[in-house]
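User: I'm new to this one and would like to know what stands behind the terms. Could you put it up first?

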Amino acid sequence: MFKKILIANRGEIAVRIIRACKELSIISASMYSEVDKYSLHARLADESHFIGESLPSESYLNQNKIIELAKEINADAIHPGYGFLSENAVFIKKVEESGIVFIGPSSRSVEMMGSKTSARDLMKRNGVPIVPGTTEIIVSLDAAKISANEIRYPILLKASAGGGGKGMKRVFSEDELEAAFSSAQREALKAFGDDSIYIEKLIEHPKHIEVQIIADKFGNYCHLFERECSVQRRHQKIIEEAPSSFIDEETRQSITATAINAAKACGYYSAGTIEFLVDKHKNFFFLEMNTRLQVEHPVTEFISGIDLVKEQIKIAAGEPLSFLQSDLRILGHAIECRVYAEDPENNFLPITGTVEYHRLPSGPNIRIDRGIETGSEISRFYDPLLSKISVMEKQRSEAIKRMDIALNDYLIAGIKTNITFLKRILQNKKFQTGEYSINLIEEDFKIDNSDKGEDFYNEDLENVAAIFSAYLKQQPHNHKVTNVVCAANRWTDLQHE
Amino acid sequence: MNEVYVTLNGREKVIRFMNSEKVIVDGREFVYDFSKENEFHYFLRLDKKTFDITKVAKDKNNIAILTEGNYFECKVQTKLEKNAETILAHSEKSHHKEDVVSPMPGMVLKIQKKENEEIVIGEPVLILEAMKMENEVTSPYSGLLKKIYVRENTPVEKGSKLFRIE
């Protein structure tokens, strides 16, 4: 087993990996950028090392510096977390060549799945159903017009190197194509350094369902059931659950078997996820493979009882899987909510500032993954994910209830979050019955601030809010409070009549 | 004297503190008690239930709070301030003349409209890039795009003026 692991990430996922290292009695080494010096992930690790300035390109994306650091501190492995360099085949290859073990798949597997167009081609050849569309990159607007007309509108422009909704645009008719095409190219170039775009048929009202797979270096493959991640805003997931309430046993058999085939097609080892779009007839189409740990891995850990991060580390160290497919069964229903610093009433724009106060929920089967606490700065350099709350119960409806209560207990000051918005989704009829698609938020939630919350009217809490704010207003010489919050620049986020 | 007007979710509530124990909200009486845990965390006891409240943000007339998972933005005014506002509103012409400010720090990627163009509410005016995502900044009003304060490919801070609608 490894003696020391360098964690090439920050925030909640770095904290998650540090915990796994500690449980395996491996020395955890974290790296921090300028602004992260005293952040949770830097303090929790057994040792922490400065990696560079706050800009990601200077720090968490600085490939050579990270490898040099790993050598310098005698780390025998690097865990990349998710995001940053986790799916960068060039980086992984450099790590492999340096003699340090990369905790994740081989650079070859990542390369095969990294370009969406070549992944689609690979899947097609291996009998994995793909969304109709191009398997080649579209280089010009004219070519895009021709392909779009062949595929028929509505279509989806997607970045070949993409993920997280960056470089992705929906187009319903030809007159929208030009603006969408150049915007998608720009976004893709900025986000991934590659402006390759391809076209897919837009599957209307689909569900996003993905299968967690795990494999060792001896060719043993297992799936850890599916997750449903259809609740998305700006093409990014905010609520995930496992299992999916939409998938019956027959579909589960077939979608998980297909996922294992997809993983085998690229000679995969470590934890990985095959994402599918599922239409209303339960037909599923390969979307992409995420060749890394997912943000939403806690729900799978809940329902399978498997610690994915520890398993990843053991696989990287050359150990076989510690379980067989037949050992696994679904233990309950788990839900995860992602708490973001963002403004749901203002198109989910990220919010920056200081977390002035933070109190987390607790209780049976409530799990928190977080990288922040009271005093943390939410800067514009990194993703505004604050924490993840995951819960498990026997039934889905009970899990929803548990999550709702957990969100009630979550207190955070200094930063506006999406907590109330998450609660509203949990109370949504379509969400509760499971009859919703990835369009739930845009269909059922107004984001232009015209929704005064009539559907969620709660007189008691409005009275509490009114009495509280009136009381603070009446406090004589309350200037100190105002100065401490220093809210002046934050109030630009809040809209008033 | 001690009436406070609170507007939240488009509704106005009148709060009257009778003494250190009783408060009346729109005619309904509550027994209250108030305790400050720290600058940002308070307890408010109303009749027999205690609420945990965090003060998310605050300035002179606005308070944003989070309690039991519910976020509220409250505009708070004394009787005096409310009267002053009413007088002011009458003296000013009612049409909108307003600067639209940047909701967040970012980079102005593309300006899609020209000065002196007629803009309809909700129409995109420019694209702001932040957190590697392109965000359309739309006009909150209909009117004439009187002035664009920013140029393409320049960074803007949160709260800095983007354009003016008249």
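Analyst: Let's start with the word list: helices (H or I, at least four residues) and strands (E, at least two) are DSSP runs, numbered from the N terminus. With that, A:Leu324 can be placed in the loop between helix H11 (308-316) and S14 of chain A. This is a predicted model, where local features need pLDDT of at least 70, side-chain atom pairs count only at pLDDT 80 or more, and totals for chains, interfaces and linings use all residues. Residues are numbered from 1 along each chain as its sequence is written, chains are lettered from A and ligands numbered from 1 in the order in which they are written, and side-chain values use heavy atoms, with hydrogens and water left out.

User: Why is A:Leu324 called exposed?

Analyst: Buried means under 20% relative accessible area, exposed over 50%, and partly exposed is in between (1.4 Å probe, protein chains only). A:Leu324 has 53% relative accessibility, so exposed is the word for it. The C-alpha atoms of A:Leu324 and A:Ile389 are separated by 29 Å, with their positions 65 residues apart along the chain.

User: What makes A:Ser437 buried or exposed?

Analyst: A:Ser437 has a relative accessible area of 7%, so it's buried. A:Ser437 lies in the loop between H14 and H15 of chain A. Leaving out residues up to four places away in sequence, A:Ser437 touches A:His205, A:Pro206, A:Lys207 and A:Ser230; contact means heavy atoms within 4.5 Å.

User: How do you know that A:Lys430 and A:Glu443 meet in a salt bridge?

Analyst: A salt bridge is a side-chain nitrogen of Lys or Arg within 4 Å of a carboxyl oxygen of Asp or Glu. For A:Lys430 and A:Glu443 the N to O value is 3.7 Å, so the pair qualifies. This pair links distant parts of the chain, with A:Lys430 in helix H14 (residues 429-433) and A:Glu443 in helix H15 (residues 440-444) of chain A, 13 residues apart. A:Lys430 is partly exposed at 31%, and A:Glu443 is partly exposed at 42%.

User: What makes A:Arg402 and A:Glu393 a salt bridge?

Analyst: Their closest N and O atoms are 3.3 Å apart, so the cut-off is met. A:Arg402 counts as buried at 17% relative accessibility, while A:Glu393 is partly exposed with 22%.

User: Which parts of chain B does the pair of B:Lys161 and B:Asp99 tie together?

Analyst: B:Lys161 and B:Asp99 form a salt bridge, their closest N and O atoms being 3.7 Å apart. B:Lys161 lies in strand S16 (residues 161-165) and B:Asp99 in strand S9 (residues 98-101) of chain B, so the pair ties together parts that are 62 residues apart in sequence. Over all chains, the structure holds 55 salt bridges.

User: Why is strand S21 of chain A called mostly covered?

Analyst: Eight of the nine residues in S21 (residues 385-393) of chain A are buried, so the label follows from the burial cut-off. Two strands pair if DSSP finds at least two bridges between them. Strand S14 (residues 333-340) of chain A pairs with S21(A) in the antiparallel sense over eight bridges, and A:Ser390 in S21(A) is the bridge partner of A:Glu336. A:Glu336 also belongs to a network of salt bridges that includes A:Glu210 and A:Arg338. Strand S19 (residues 366-370) of chain A pairs with S21(A) too, antiparallel over five bridges, and there A:Ile368 stands opposite A:Ile389.

User: What makes S3 and S5 of chain A edge strands?

Analyst: The open sheet has five strands in the order S3-S2-S1-S4-S5 (chain A), with parallel pairing. S3 (47-52) and S5 (101-102) of chain A each have a single partner strand, so one side of each is left without a neighbour in the sheet.

User: How do you know that S2 of chain A pairs with S3(A)?

Analyst: Five bridges join S2 (residues 27-33) of chain A to S3(A), so the requirement of at least two bridges is met. The two strands run parallel, and A:Ser30 stands opposite A:Ser48 in S3(A).
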